[in-house]
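Hi,

Here's the structure I said I'd pass on. Have a look at it first, then read my notes underneath.

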Amino acid sequence: MGTMTATIERNTTAGTAPVAGTETTRQRAARYVWAGTRIALGWIFLWAFLDKLFGLGHETATKNAWINGGSPTKGFLAFGAKGPFQGLYQDIAGAAWADWLFMIGLAGIGVALLLGIGMRVAAIAGGLLMVLMWTAVLPPENNPFMDDHLIYAAVLAGLALVGAGNTLGFGRIWATLPLVRRFGWLR
């Protein structure tokens with residue numbers, strides 16, 4: 001492997017931009033695929049927040065919207081949870097603290113992913129949320145253990161690891177903020 005190739009791989013693995021003029025077509029395409037994946041996943045989280053907040057009629061009826069007094073956690077956790085953690089989830093279904101944490105999580109993760117900022121925090125919070133949602137329906141309906149929640153958790157980790165917020169996002173600008181430079185985990 002040549003020196004230039006090693007430099008490119010080292011720079012792109014760390015989530016930084018490759019040396020000007022040395023990025024291959026494949027590397028550029030990969031950056032844009034990860035950025036597109038980040039934006040799409042961000043929209044999934046933000047849409048879930050908006051639908052539960054306003055009852056846009058996709059999964060949440062207007063009468064059940066959070067702004068109309070509905071609970072974003074009650075329906076699914078009370079009636080959809082199954083498996084070994086069913087009792088735990090039914091106990092917290094509709095609790096104000098659970099509603100607030102869930103909604104703040106959906107909004108924060110969605111906005112962070114769409115903007116490409118706080119990718120590490122978004123990946124950890126989103127991964128945790130996805131694993132918790134996975135445990136609410138054990139075993140999954142179509143597989144002994146694997147479902148989309150675990151895949152989303154893995155994709156979130158990948159987005160943070162490759163620095164997906166730097167392409168079509170504000171990741172580079174975010175990384176220069178004094179607070180983010182001081183506390184690297186905020187990247």
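Below is what turned up, starting with the core and moving on to two helices and a pocket. One thing to keep in mind throughout: this is a predicted model.

**The core**

The largest nonpolar core is made of 22 residues, and Phe45, Leu113 and Leu156 have the most contacts inside it. Four helices each put in at least two residues: H2 (25–54), H5 (96–115), H6 (119–135) and H7 (148–161). H5 is the biggest giver, with seven residues.

If you want a good place to start clicking, try phenylalanine 45. Not counting neighbours within four places in sequence, Phe45 is in contact with Leu106, Ile109, Gly110, Leu113, Gly126, Leu129, Met130 and Leu156. There's also a second core, separate from the one above, with six residues, among them Ala78, Tyr89, Ala93 and Ala136.

**Helix H2**

Does the length of H2 agree or disagree with what its residue count predicts? H2 has 30 residues, so at 1.5 Å a residue it should span 44 Å; the end C-alpha atoms are 43 Å apart, which agrees.

Quite a mix of residues is buried along H2: Gln27, Ala35, Arg38, Leu41, Gly42, Phe45, Leu46, Phe49, Asp51, Lys52 and Leu53. Following H2 comes glycine 55, with a positive phi near 65°.

**Helix H7**

H7 has 14 residues, and from its first C-alpha to its last it reaches 20 Å, close to the 20 Å expected at 1.5 Å a residue. Its buried residues are His149, Ala153, Leu156, Gly158 and Leu159. And what covers them? The cover includes H2, H5 and H6. Just after H7 there's another glycine to look at: glycine 163 takes a positive phi of about 65°.

**The pocket**

The largest pocket holds about 1300 Å³ of space. It is lined by 40 residues, and those closest to its centre are Lys52, Phe102, Leu106, Leu129 and Met133. Some of these names came up earlier: Lys52 is among the buried residues of H2, while Leu106 and Leu129 are both in contact with Phe45.

Which elements give two or more residues to the lining? They are H2, H3 (74–79), H4 (86–92), H5, H6 and H7. By class, the lining has 26 nonpolar, nine polar and five charged residues.

That's the tour. Shout if anything is unclear.

Cheers

Definitions and conventions: Residues are numbered from 1 along each chain as its sequence is written. This is a predicted model: local features need pLDDT of at least 70, side-chain atom pairs count only at pLDDT 80 or more; totals for chains, interfaces and linings use all residues. Side-chain values use heavy atoms; hydrogens and water are left out. A nonpolar core is a set of buried Ala, Val, Leu, Ile, Met, Phe, Trp, Tyr and Cys residues joined through side-chain atoms within 4.5 Å. Buried means under 20% relative accessible area, exposed over 50%, partly exposed in between (1.4 Å probe, protein chains only). Contact means heavy atoms within 4.5 Å. The expected span of a helix is 1.5 Å times one less than its number of residues. On a 1 Å grid over the protein atoms alone, a cavity is a set of points where a 1.4 Å probe fits but cannot get out, and a pocket is an open set with protein on both sides within 12 Å along at least five of seven lines; lining residues have an atom within 4 Å of a point. Grid points are joined across faces, edges and corners, and a volume is the space filled by probe spheres set on the points. Ala, Val, Leu, Ile, Met, Phe, Trp, Tyr, Cys and Pro count as nonpolar, Asp, Glu, Lys and Arg as charged, and the others, Gly among them, as polar.
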